[in-house]
Amino acid sequence: MTDTKVPERVFPRAKQDAETAKQGVTTPQTAHPSYKLAFQDMDFLLREDLRPVRFQLELLKPELILAEAKIGSTFVFYGSARIPEPEKARALLDAAPADGPARKIAEKLVEKSKYYDVARELAQKVSNFPVDESGMRHFVVCSGGGPSIMEAANRGALDVGAESIALNIVLPHEQAPNPYVTPALSMQFHYFALRKMHFLLHARALAAFPGGFGTFDELFELLTLIQTGKIKPMPILLYGRAFWERVVNFPALVEEGVISEKDLSLFTYCETAEDGWEVVRKHYADHDPTL
């Protein structure tokens, strides 16, 4: 028995059976949809009552991709898809009417366009964080994969030769991930809930730049999770204090009695990339003095 090699497996792999099934003979029975292998039958997989299975698949696939890429933690970037980089913002202003609402909006976008560069610089800083002793990568840039602030984050990672993640979502209007995302780490979701879950599963720091409904939705969900003790606190960086204080009156929520004073410490206002990185370093100093 010393020369006998025990086979690794005795059943064929699913991929092999799938190929065999494609090459089978054609009869009325084999041509009917009921004869398809379940995992090859798209009509079956897309049935309403298969939604729980699709939830599982959408939870599992990104986890496997990140694990195989040896990604231990992420640095998440939230922000508007409508704030262009400074040069493009100025071009929009030049093309705007001399007065009226469109002009005012263009002026506001020019004011906020500086955060494109800030997000890009912050992504450069966090992407230089070294791998740990087991080869796991940390503070890997993760964005929604879209334009503007999200693009700046992925672009900053690429600037320093680092990979970055994009968690895109299927929307009614045509879209594609920004060109700076690492293709092997670019993922698409059907369910908003699963996408938001993946944003936070590996997050160890988060930067929220000026944004709209999507940014608010994702940011306030994280604040709620930390406030209620569902997850451990992490650095939450709110970039653009003037913007956030104008659009959200956090102190008024305390005065109204609907949040406590200590909840205001869940986040930190920042303006520069160095501001944000210093907040993260201080937060984790007790855990890892090398930060």
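Helix 10 (residues 213-227) lies across strand 1, strand 5 and strand 6 (236-239), and its direction makes about 145° with that of strand 6. The model is a predicted one, and the sheet under this helix is a convenient place to start.

The sheet is open and has seven strands, in the order 4-3-2-1-5-6-7, with parallel pairing. Its edges are strand 4 (186-189) and strand 7 (268-270), each of which pairs on one side only. From one strand to the next the twist averages 25°. Within the sheet, strand 1 (residues 74-78) and strand 2 (residues 140-143) run parallel and are joined by three bridges. In this pairing, threonine 74 is placed opposite valine 140 of strand 2.

Helix 9 (residues 192-201) also packs on the sheet, where it touches strand 1, strand 2, strand 3, strand 4 and strand 5 (203-208). The direction of helix 9 makes about 165° with that of strand 3.

Helix 9 and helix 10 are linked through their side chains. Lysine 196 and aspartate 217 form a salt bridge, with 3.1 Å from N to O. Lysine 196 belongs to helix 9 and aspartate 217 to helix 10, so the pair ties together parts that are 21 residues apart in sequence. Over the whole structure, the search finds 15 salt bridges.

The empty space in the model can be taken next, beginning with what is enclosed. One cavity of 30 Å³ or more is counted, and the volume of the largest cavity is about 40 Å³. Pro62, Leu66, Thr74, Cys142, Ile165, Leu167, Met187, His198 and His202 line this largest cavity. Helix 4 (51-68) and strand 3 (165-169) are the elements that give two or more residues to its lining. By type, the lining of the largest cavity has six nonpolar residues, three polar and no charged. Thr74, which stands opposite valine 140 in the sheet, is among the lining residues.

The largest pocket holds about 1100 Å³ of space. It is lined by 42 residues, of which Ser80, Ala81, Arg82, Gly211 and Gly212 are the closest to its centre. Two or more lining residues come from each of strand 1, helix 6 (101-112), helix 7 (114-127), strand 3, helix 9, helix 10 and helix 11 (241-247). Helix 9 and helix 10, the helices tied by the lysine 196 and aspartate 217 pair, are thus both among the contributors to the pocket lining. The lining of the largest pocket divides into 19 nonpolar, 12 polar and 11 charged residues.

Terms used: Residues numbered from 1 in each chain as written. Predicted model: local features only at pLDDT ≥ 70, side-chain atom pairs only at ≥ 80, totals over all residues. Heavy atoms only, no water. 1 Å grid on protein atoms, 1.4 Å probe; cavity = no way out; pocket = protein on both sides within 12 Å on 5 of 7 lines; lining within 4 Å. Points joined across faces, edges and corners; volume = space filled by probe spheres on them. Helix = DSSP H or I, 4+ residues; strand = E, 2+ residues; numbered from the N terminus. Nonpolar A, V, L, I, M, F, W, Y, C, P; charged D, E, K, R; others polar. Pairing = 2+ DSSP bridges. Axes fitted to C-alpha atoms, helices over the stretch in contact; angles between N-to-C directions. Contact = heavy atoms within 4.5 Å. Salt bridge = Lys/Arg side-chain N within 4 Å of Asp/Glu carboxyl O.
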